[in-house]
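Trainee: Could you walk me through a model that holds bound ligands? I would like to learn how to read the surroundings of a ligand and the layout of a sheet.

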Amino acid sequence: MSKQFDVVVIGGGPGGYIAAIRAAQLGFNVACIDEWKNDKGGPAPGGTCTNVGCIPSKALLQSSEHYEQAAHHFGEHGITLDNLKMDVAKMVGRKNTVVKQNNDGILYLFKKNKVSFFHGRGSFAKAVEGGYEVNVAGAANETLVAKNVIVATGSNARALPGAAFDEEKILSNDGALRIGAVPAKLGVIGSGVIGLEMGSVWRRLGSEVTILEAMPTFLAAADEGVAKEALKAFQKQGLKFEFGAKISKVDASGEGVIVSYANAKGEEQTLAVDKLIVSIGRVANTIGLNPEAVGLKLDERGAIVVDDECRTNLPGVWAVGDVVRGPMLAHKAEEEGVAVAERIAGQHGHVNFATIPWVIYTSPEIAWVGRTEQQLKADGVAYKAGQFPFMANGRARALGDTTGFVKFLADAKTDEILGVHIVGPFASELISEAVVAMEFKASAEDIARICHAHPSLSEATKEAALAVDKRTLNF
Ligand code: FAD
Ligand code: NAI
């Protein structure tokens, strides 16, 4: 006997669970299917983000940052610690508790919003009159029927050819968040977001970290000035980088892992490490979804093909988040989930791709919204730039963290803000002001004329806006 719903959501990550909640708020009878299992085999909704992504990585980043502060920076504040110790098992245990709190929070939200949750794998069975039949294979097997199906099945880590993840020595993000003891030597392939965040965690805890990057440049997506400043800071902290590295072999047959590669000059090199994190991007996940049963169209890379509004080639079937085009970010997935639920309700759901913020949670943090200086040049846009260093900000000095700057890019003629780029303390929080400003099509002058609390890091944002007109007050 099948169960009838208005909306069935396949996948309970940030795209899926938020879409389910929003659809329920709009009055629909909603089911959400998610297959993630906790270590006891029970449900663990929240997807990559909650289980092996955003949340656990930030928990470990925080613990390792506390350790780094206690070991190297408390002294400046007149605080000395004897006998400082680190308990990695406890750190990982705390991280697991934070994850569980988030899993439980989502189950609570499903109950609160009357979303029916099904723990198991969802797959398309067939199109039926007025909708689709979706099978759930789990503790209990079920058949659900709905007029609207939202696919939010996320993504998986991409492996290096010939070096499958064993999660013991060759680690994806999953294994990288479960390392039980600090490896003396840690290798990282890819100097992208995961490589930098995970490399930072284990470097702070004492690993010698070497990052091998295929591209000749660092963080190509970030503003060049920001990337340069961040690289300088990371190298000073002790992260080692090799750019232009061409990996030829990964050998994990011995005690550790030996990576063979050609460096930028074409010279053959080897890197011997205890563990290797491979973070070279992620691929859309449709494993087990059975898209063929209904003729759901995928592109050549396996992502579900959608239009600007997340409509697939099938009427009533939508897809959001990492499984479709666009940046693989939790907040992008959430925004798409909300917009789709609203479109199903006949409303005008909207996602502004031009104002999606990016944040890299390293120390210093990196955050940006809008276009970079190199993009504006490539687009032939006449712009003005204004920059203010945290070195000249009173709160940053009091914090003891003066690395980096805030940079504004504004249209040369209209002064409209085209991009804001931050490298420095709490960049992840500061960027919100820039997102709001860009959503409201603010000019740099608008930010420059707004009263910012003193002493605060946000004064650096105001000063950078003033710098666009070459009239900083404190620099
Ligand atoms: P997912 O979160 O991957 O969720 C998909 C869910 O669907 C999973 O639970 C999966 O089990 C389930 N599923 C798949 N197929 C089926 C099926 N057939 N039936 C039932 N269930 C199924 N983004 C940020 O914005 N900020 C960050 O700080 C950040 N940090 C990250 C750190 C790491 C280490 C990683 C790996 C990623 C990070 N991301 C971050 C990216 C973020 O995790 C993803 O963009 C986000 O999780 C995508 O959400 P989603 O809902 O599309 O997919
Ligand atoms: P990424 O796309 O950020 O970086 C991958 C890096 O690996 C690139 O620099 C690329 O040039 C390099 N690379 C690719 N192939 C290589 C090879 N064969 N050898 C050496 N280098 C190679 O991907 P990453 O770090 O795996 O993260 C995946 C995604 O997860 C991110 O793009 C982001 O969308 C999301 N994420 C977001 C976070 C955040 O918002 N703070 C944190 C972590 C992940």
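**Reading the ligand shells and the sheets**

Mentor: Happy to. Let's begin with ligand 2: α6 contributes the most to its shell, with 4 residues. Keep in mind as we go that this is a predicted model.

Trainee: Which elements give two or more residues to the shell around ligand 2?

Mentor: They are α6 (193-204), β9 (208-213) and β17. The shell holds 23 residues, and those that come nearest are Ile 194, Glu 213, Gly 281, Met 328 and Val 359.

Trainee: What is the make-up of that shell by class?

Mentor: It divides into 14 nonpolar, 5 polar and 4 charged residues.

Trainee: And which polar contacts should I look up for ligand 2?

Mentor: Look for pairs of N or O atoms within 3.5 Å. The side chain of Glu 213 has an N or O atom 2.6 Å from an oxygen atom of ligand 2. Met 328 uses a backbone N or O atom, 2.6 Å from an oxygen atom of the ligand. Glu 197 places a side-chain N or O atom 2.9 Å from a nitrogen atom of ligand 2.

Trainee: How much of ligand 2 does the protein bury?

Mentor: Compare the ligand taken alone with the ligand in place. Alone, ligand 2 exposes 840 Å², and the protein buries 76% of that.

Trainee: Let's do the same for ligand 1. How many residues surround it?

Mentor: There are 38, and the closest are Asp 34, Thr 48, Lys 58, Gly 122 and Asp 322. By class, 14 are nonpolar, 18 polar and 6 charged.

Trainee: Where are the polar contacts of ligand 1?

Mentor: Asp 34 has a polar side-chain atom 2.6 Å from an oxygen atom of ligand 1. In Thr 48, a side-chain N or O atom is 2.7 Å from a ligand oxygen. Met 328 appears here too, with a backbone N or O atom 3.2 Å from an oxygen atom of ligand 1. Taken alone, ligand 1 exposes 1000 Å², of which the protein buries 94%.

Trainee: Which elements supply two or more residues to the shell around ligand 1?

Mentor: The list is α1 (14-25), β2 (30-34), α2 (47-52), α3 (54-73), β3 (116-128) and α8 (330-344). With 4 residues, α2 gives the most.

Trainee: Now for the sheets. In what order do the strands of the open sheet run?

Mentor: Read across the sheet, neighbour by neighbour: β17-β18-β21-β20-β19, 5 strands with antiparallel pairing. The edge strands are β17 (358-360) and β19 (383-389); each has a single partner strand, so one side of each is left without a neighbour in the sheet. From one strand to the next, the twist averages 10°.

Trainee: What packs on that sheet?

Mentor: Helix α13 (residues 458-468) does, touching β19 and β20 (405-411), and its direction makes about 140° with that of β19.

Trainee: How do I follow a strand pair down to residues?

Mentor: Count the bridges, then pick out a partner. Strands β18 (residues 365-370) and β21 (residues 417-424) run antiparallel and are joined by 6 bridges. Val 369 stands opposite Val 420 in β21.

Trainee: And which strands pair in the parallel sense with β1?

Mentor: Strand β1 (residues 3-10) pairs that way with β5 (residues 142-151) over 7 bridges, and Val 8 stands opposite Val 149 in β5. Another 4 bridges join β1 to β2, also running parallel. There, Ile 10 has Ile 33 of β2 as its bridge partner.

How values were computed. Residues are numbered from 1 along each chain as its sequence is written. Chains are lettered from A and ligands numbered from 1 in the order in which they are written. This is a predicted model: local features need pLDDT of at least 70, side-chain atom pairs count only at pLDDT 80 or more; totals for chains, interfaces and linings use all residues. Side-chain values use heavy atoms; hydrogens and water are left out. A residue is near a molecule or strand if one of its heavy atoms lies within 4 Å of it. A polar contact is a pair of N or O atoms within 3.5 Å; within protein, one must be able to donate a hydrogen and the other to accept it, and residues adjacent in sequence count only if both atoms are side-chain atoms. Accessible areas come from the Shrake-Rupley method with a 1.4 Å probe; for residues, only the protein chains shown count as cover. Ala, Val, Leu, Ile, Met, Phe, Trp, Tyr, Cys and Pro count as nonpolar, Asp, Glu, Lys and Arg as charged, and the others, Gly among them, as polar. Two strands pair if DSSP finds at least two bridges between them. Axes are lines fitted to C-alpha atoms, for helices over the stretch in contact, and angles run from 0 to 180 degrees between N-to-C directions. Contact means heavy atoms within 4.5 Å.
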